[in-house]
Amino acid sequence: MIEARHLRVLRAVAATGSFSAAARELGCTQPAVSQQMKALETSAGTPLLIRTGREMRLTQAGEALVRHAAGILAGLTAAEEEIAAIAGLRAGRVRLVSFPSGSSTLVPTALAALRAAHPGTRVSLVDAEPPRSVEMLRDGDCDVALAFRYGEAAGADAEWADLVVRPLLTDRLVGLVPEGHRLAEADTVAIGDLADEPWIAGCPRCRRQLVDVCEEAGFTPRIDFATDDYPAVVGLVGAGLGVAVLPELAIESVRPRGARTVTVEPAVAREIVALTLADLAQVPAVAATLDELTRAAAR
């Protein structure tokens with residue numbers, strides 16, 4: 001019989017490439033990892049790992065087992081949480097991953113309400129941008145992922161077809177220019193009017209969207225700086241080093257000293273959603289978290 005604890009160890013070995021590194025990640029000893037892998041190979045009836053020096057490579061059977069492990073472990077987690085909630089032993093736990101501007105705006109309001117309503121629920125939070133956050137959800141490393149997507153992708157179901165999608169809000173992008181900029185007092189700015197400006201770009205997905213929008217307007221932006229840190233973007237604009245477009249959620253979480261926001265045309269928006277797996281959506285603590293995120297987005 002294949003045991004869940006053995007699958008967790010196998011995933012750690014596959015991710016780290018060695019027994020010793022897996023042991024450090026799991027907080028156990030290297031001999032314990034080796035012993036559990038031997039037990040798993042015995043249960044499977046075939047080798048799962050090929051030992052090459054200090055590193056480990058998966059066999060074809062090992063690759064297949066790792067591929068199925070995330071779904072198996074997510075299903076087990078869902079079962080454990082639901083049974084515990086029904087039995088009244090505990091309210092549950094939720095592992096939440098969110099992009100930074102969501103972590104500083106939607107998440108605090110949602111988690112405060114969740115704690116007030118369900119004080120026994122334990123929530124952990126990790127920052128990650130999509131697509132990494134979505135990968136973490138599919139790999140079983142979180143229970144709820146706060147994510148976003150832009151433009152035409154927002155109407156396409158294929159990207160998240162295997163997930164439960166809870167729409168939260170539409171987050172419009174706004175322009176950010178230095179105080180004293182020739183367009184700082186304008187009501188609306190065509191993005192083409194910024195064609196000759198140096199740009200400060202954000203996360204990789206936001207950066208691709210910026211380039212696409214600018215190219216549709218007939219120019220390629222000269223990106224002088226790129227950073228995932230929204231306060232850094234605001235600081236660079238405020239220092240007169242360039243212009244930027246940022247989501248409204250990001251502006252809410254940062255005081256734009258030395259910078260002015262302007263409405264940019266054509267309008268560009270991103271869809272903010274909460275994602276989970278179908279099994280996990282049935283877990284009371286996860287369902288409550290989704291509900292509180294929805295309420296926070298509506299405020």
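Trainee: How many disulfides does the count come to?

Mentor: By the rule used here, the count comes to 0 disulfides. Take Cys142 as a test case: the nearest cysteine sulfur belongs to Cys203 and is 17 Å away. A disulfide needs the two sulfur atoms within 2.5 Å, so Cys142 is in no disulfide. Please keep in mind that this is a predicted model.

Trainee: What makes Cys142 buried or exposed?

Mentor: The cut-off for buried is under 20% relative accessible area. Cys142 has 2% relative accessibility, so Cys142 counts as buried. With a relative accessible area of 1%, Cys203 is buried by the same reasoning.

Trainee: Let me step back to the whole chain. How many helices and strands are there?

Mentor: The chain has 11 helices and 12 strands. Its C-alpha atoms fill a box of roughly 70 × 50 × 35 Å along the principal axes. Of the 299 residues, 45% count as buried.

Trainee: What share of the contacts in the chain comes from residues 24 or more positions apart?

Mentor: Among contacts with a separation of 6 or more, 71% are between residues 24 or more positions apart.

Trainee: Now the largest pocket. Which residues lie nearest its centre?

Mentor: Arg8, Arg11, Leu73, Gly140 and Asp141 lie nearest the centre, out of 17 lining residues. The space in this pocket is about 420 Å³.

Trainee: How do you know that a residue belongs to the lining, and which elements supply at least two residues each?

Mentor: A lining residue has an atom within 4 Å of a pocket point. Helix H1 (4-16), helix H2 (19-26), helix H4 (60-87) and strand E3 (93-98) each supply at least two such residues. H1 gives the largest share, with 5 residues. By kind, the lining divides into 9 nonpolar, 2 polar and 6 charged residues.

Trainee: Where is Arg270, and what makes Arg270 buried or exposed?

Mentor: Arg270 sits in strand E12 (residues 269-276). Its relative accessible area is 1%, and buried means under 20%, so Arg270 is buried.

Trainee: Which side chain makes a polar contact with the side chain of Arg270?

Mentor: That of Ser101, at 3.0 Å. The cut-off for a polar contact is 3.5 Å between N or O atoms, so this distance fits the definition. Leaving aside neighbours within four places in sequence, Arg270 is also in contact with other residues, including Phe99, Phe148, Tyr150, Asp171, Tyr230 and Leu249.

Trainee: Which residues is Ala250 in contact with, leaving aside its neighbours within four places in sequence?

Mentor: Ala250 is in contact with Ser101 and Tyr230, and both of these also appear among the contacts of Arg270. Ala250 lies in helix H10 (residues 248-252). Its relative accessible area of 1% falls under the 20% cut-off, so Ala250 is called buried. Ala250 and Phe148 are 102 residues apart in sequence and 13 Å apart in space, C-alpha to C-alpha.

Trainee: Why is Thr294 called partly exposed?

Mentor: Partly exposed covers values between the 20% and 50% cut-offs. Thr294 has 27% relative accessibility, so Thr294 belongs in that class. This residue is found in helix H11 (residues 284-298). Beyond neighbours within four places in sequence, Thr294 is in contact with Arg166 and Leu168.

Trainee: What makes Glu292 buried or exposed?

Mentor: Glu292 is found in helix H11 too. Its relative accessible area is 10%, which is under 20%, so Glu292 is buried. The side chain of Glu292 makes a polar contact with the side chain of Arg295 at 3.1 Å. Not counting residues up to four places away in sequence, Glu292 touches Ala110, Ala113 and Leu114.

Trainee: One last topic: the peptide bonds. Where is the residue pair Glu265 and Pro266 in this story, and what kind of peptide bond joins them?

Mentor: A cis peptide bond joins Glu265 and Pro266, with omega about 0°. Pro266 is in the loop between strand E11 (259-265) and E12. The bond from Pro130 to Pro131 is cis as well, with omega near 10°. Pro131 lies in the loop between strand E4 (122-127) and helix H7 (132-138).

Terms used:
Residues numbered from 1 in each chain as written. Predicted model: local features only at pLDDT ≥ 70, side-chain atom pairs only at ≥ 80, totals over all residues. Heavy atoms only, no water. Buried < 20%, exposed > 50% of the residue type's maximum accessible area, 1.4 Å probe, protein only. 1 Å grid on protein atoms, 1.4 Å probe; cavity = no way out; pocket = protein on both sides within 12 Å on 5 of 7 lines; lining within 4 Å. Points joined across faces, edges and corners; volume = space filled by probe spheres on them. Helix = DSSP H or I, 4+ residues; strand = E, 2+ residues; numbered from the N terminus. Nonpolar A, V, L, I, M, F, W, Y, C, P; charged D, E, K, R; others polar. Contact = heavy atoms within 4.5 Å. Polar contact = N/O pair within 3.5 Å; in protein donor to acceptor, adjacent residues only side chain to side chain.
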